[in-house]
Amino acid sequence: MKATVALVGRPNVGKSTLFNRLTRSRDALVADLPGLTRDRHYGIGRVGEKPYLVVDTGGFEPVVDEGILFEMAKQTLQAVDEADAIVFLVDGRNGLTPQDKIIANRLRQTSRPVFLAVNKAEGMNRAIVAAEFYELGLGDPLVISAAHGDGVRDLMDMVLEPF
Ligand code: GDP
Ligand code: MG
């Protein structure tokens, strides 16, 4: 049984960039799998001997309702609940945003393990870029660059460690 890993985060943090990096190995299969809703973007990634299913929830970004009520789209919540692990991406260049805090609050309610990944951190000091994200209460931020690949292997080793 493959682990399912959901990529979650506000728009523009790099979910699709990470998805593409995770699924672009030679034997990667990026397809709508039979029986699954076509709306979500699924692919196969592999770390060492371990294949996993990765879900880019990007079609279902959090939505702002009249500027006040903010909720994660139903499909994203479903992907979170179906996943074995969640990678929550934030943007290390933009810094912490109110949307990140709202998503973090929702993710703290899931029983699934959540890995906080601070993206776009190539060329930046890891400790400095990570510092403000401890406030999200999701443990040690993992500093990565989805575009350059920095820290991605370490992240996935941690995510898949129990599988
Ligand atoms: P999504 O909306 O969360 O799926 O984000 P995308 O993957 O579409 O990326 C949004 C923007 O951030 C694009 O312009 C990407 O090229 C850029 N981006 C993604 N990852 C990185 C990264 O590691 N470093 C930098 N500098 N830019 C990145
Ligand atoms: Mg996207």
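**Ligand shell, sheet and a packed helix**

Around ligand 1, the shell residues split into 4 nonpolar, 9 polar and 3 charged. Keep in mind that this is a predicted model. Besides the ligand shell, there's an open sheet of 6 strands to look at, plus helix H2 packing on that sheet.

**Ligand 1**
- The shell has 16 residues, and those coming nearest to the ligand are Gly14, Lys15, Ser16, Thr17 and Ala147.
- Helix H1 (residues 15–23) is the biggest giver here, putting 3 residues into the shell.

**The sheet**
- Reading across, the strand order is S2-S3-S1-S6-S7-S8, and the pairing is mixed.
- Strand S2 (41–47) and strand S8 (142–143) sit at the edges, each pairing on one side only.
- Strand S6 (residues 85–91) runs parallel to strand S7 (residues 114–119), with 6 bridges between the two.
- If you want a spot to look at in that pair, Val90 has Val118 in S7 as its bridge partner.

**Helix H2 on the sheet**
- Helix H2 (residues 74–82) touches strand S1 (3–8), strand S3 (50–56) and S6, and its direction makes about 145° with that of S1.
- Thr76, Ala79 and Val80 are the buried residues of H2.
- Looking down the H2 axis, these buried residues fall within an arc of 100°, so they line one face of the helix.
- That fits the general pattern: an α-helix has 3.6 residues a turn, so residues three or four places apart point the same way.
- The cover over the buried residues of H2 includes S1, S3 and S6.
- Flip to the other side of H2 and you'll find Lys74 and Asp81 exposed.

Terms used
Residues numbered from 1 in each chain as written. Chains lettered and ligands numbered in written order. Predicted model: local features only at pLDDT ≥ 70, side-chain atom pairs only at ≥ 80, totals over all residues. Near = placed C-beta within 6 Å. Helix = DSSP H or I, 4+ residues; strand = E, 2+ residues; numbered from the N terminus. Nonpolar A, V, L, I, M, F, W, Y, C, P; charged D, E, K, R; others polar. Pairing = 2+ DSSP bridges. Contact = placed C-beta atoms within 7 Å. Axes fitted to C-alpha atoms, helices over the stretch in contact; angles between N-to-C directions. Buried ≥ 20, exposed ≤ 12 C-beta atoms within 10 Å, placed from the backbone. Arc of directions from axis to C-beta.
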